[in-house]
Amino acid sequence: MSKIPVIIFLGAPGAGKGTQAVFLSRSKGIPKISTGDMLRRAVEQGSELGKKAKGIMAEGKLVDDEIMLGIIKERIVMEDCKQGFILDGYPRNIHQAAQLEQVLLPEMQMRVIDIHVAEDDIVKRVAGRRVCPKCQSNYNIYFHPPKKEGVCDLDGADLFRRQDDDEQVVRTRISTYKKESYPLVEHYRKKGVLQVVNGVQKEEEVTKEILQQVACQ
Ligand code: AMP
């Protein structure tokens, strides 16, 4: 019996993880789990989780590992994850990676895709990002503009700029990424489950590379 895929996206802020995870989710028919989206929703709703996460997110730092593990554990046992799932934004550090490995089932197979983007490109990518509040589609006013300015191609909702895409916060997020998340690349390389994809090319090309990688793993 073939194993249940657990596809993890790595990449700096603005590398295109969210966008590519949406494409892959549609193409494979398995859900994309974005911890960032889940936290933003919790903040909007003003839940206990949202209250805890709000300030940390606004500063570009990481929410506590135990809280994140709780969220992930609850989500991945849901019915729609039975055929596999895509993780966008989790794990974010080595400790979270170890915690995740403890909760995955033996019949699951981890595959990791690192969308690589040089540091100089990152700030521009994040500064140009616009998000649809309805379907979470990501656009970029420089690289991937919507057909009509400020409006989602798919559902016509008004696009917004994430609060933590402010340039100062972006710099903190990049430094958090380098310190906390970058070691994951080596961690997964050693495990033999890492595939690196060039994130500085047309979005469709990135998607094509990812689909090829996923198909041949
Ligand atoms: P993202 O949309 O993935 O860039 O996440 C936005 C923010 O949510 C991050 O800057 C963190 O503050 C928080 N966050 C998302 N995922 C995690 C995670 N796995 N661990 C800790 N904090 C997270």
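Which helix gives the most residues to the shell around the ligand? Helix H2 (residues 35–45) does, with four residues. The structure is a predicted model, in which local features need pLDDT of at least 70 and side-chain atom pairs count only at pLDDT 80 or more, whereas totals for chains, interfaces and linings use all residues. Residues are numbered from 1 along each chain as its sequence is written, and side-chain values use heavy atoms, with hydrogens and water left out.

**View 1. The shell around the ligand.** The ligand is surrounded by 16 residues, a residue being near the ligand if one of its heavy atoms lies within 4 Å of it. Thr35, Lys61, Gly89, Arg92 and Gln96 come nearest. By residue class, the shell divides into six nonpolar, four polar and six charged residues. In this division Ala, Val, Leu, Ile, Met, Phe, Trp, Tyr, Cys and Pro count as nonpolar, Asp, Glu, Lys and Arg as charged, and the others, Gly among them, as polar. Helices (H or I, at least four residues) and strands (E, at least two) are DSSP runs, numbered from the N terminus.

**View 2. Polar contacts of the ligand.** A polar contact is a pair of N or O atoms within 3.5 Å; within protein, one must be able to donate a hydrogen and the other to accept it, and residues adjacent in sequence count only if both atoms are side-chain atoms. A polar backbone atom of Gly89 lies 2.9 Å from a nitrogen atom of the ligand. The side chain of Arg92 places an N or O atom 2.9 Å from an oxygen atom of the ligand. For Gln96, a polar side-chain atom is 2.9 Å from a ligand nitrogen atom. Of the 480 Å² of accessible area that the ligand has on its own, the protein covers 96%. Accessible areas come from the Shrake-Rupley method with a 1.4 Å probe, and for residues only the protein chains shown count as cover.

**View 3. Thr35 in helix H2.** Thr35 belongs to helix H2. Thr35 counts as buried because its relative accessibility is 2%; buried means under 20% relative accessible area, exposed over 50%, and partly exposed in between (1.4 Å probe, protein chains only). A polar atom of the Thr35 side chain lies 3.1 Å from the backbone oxygen of Gly89. Not counting residues up to four places away in sequence, Thr35 touches Met68, Ile72, Asp88, Gly89 and Tyr90, where contact means heavy atoms within 4.5 Å.

**View 4. Cys152 and the cysteines Cys132 and Cys135.** Cys152 is found in the loop between strand S6 (138–140) and helix H7 (167–181). With a relative accessibility of 3%, Cys152 counts as buried. Apart from residues up to four places away in sequence, its contacts are Cys132, Cys135, Tyr139, Ala157 and Leu159. A disulfide is a pair of cysteine sulfur atoms within 2.5 Å, and by this rule the count comes to zero. The sulfur of Cys135 is the nearest cysteine sulfur to that of Cys132, at 3.7 Å, which is too far for a bond. Cys132 is buried, with a relative accessible area of 0%, whereas Cys135 is partly exposed at 27%.

**View 5. Thr172 in helix H7.** Thr172 is found in helix H7 and counts as partly exposed at 24% relative accessibility. Leaving aside neighbours within four places in sequence, Thr172 is in contact with Glu59 and Gly60. The C-alpha atoms of Thr172 and His116, 56 residues apart along the chain, are separated by 19 Å.
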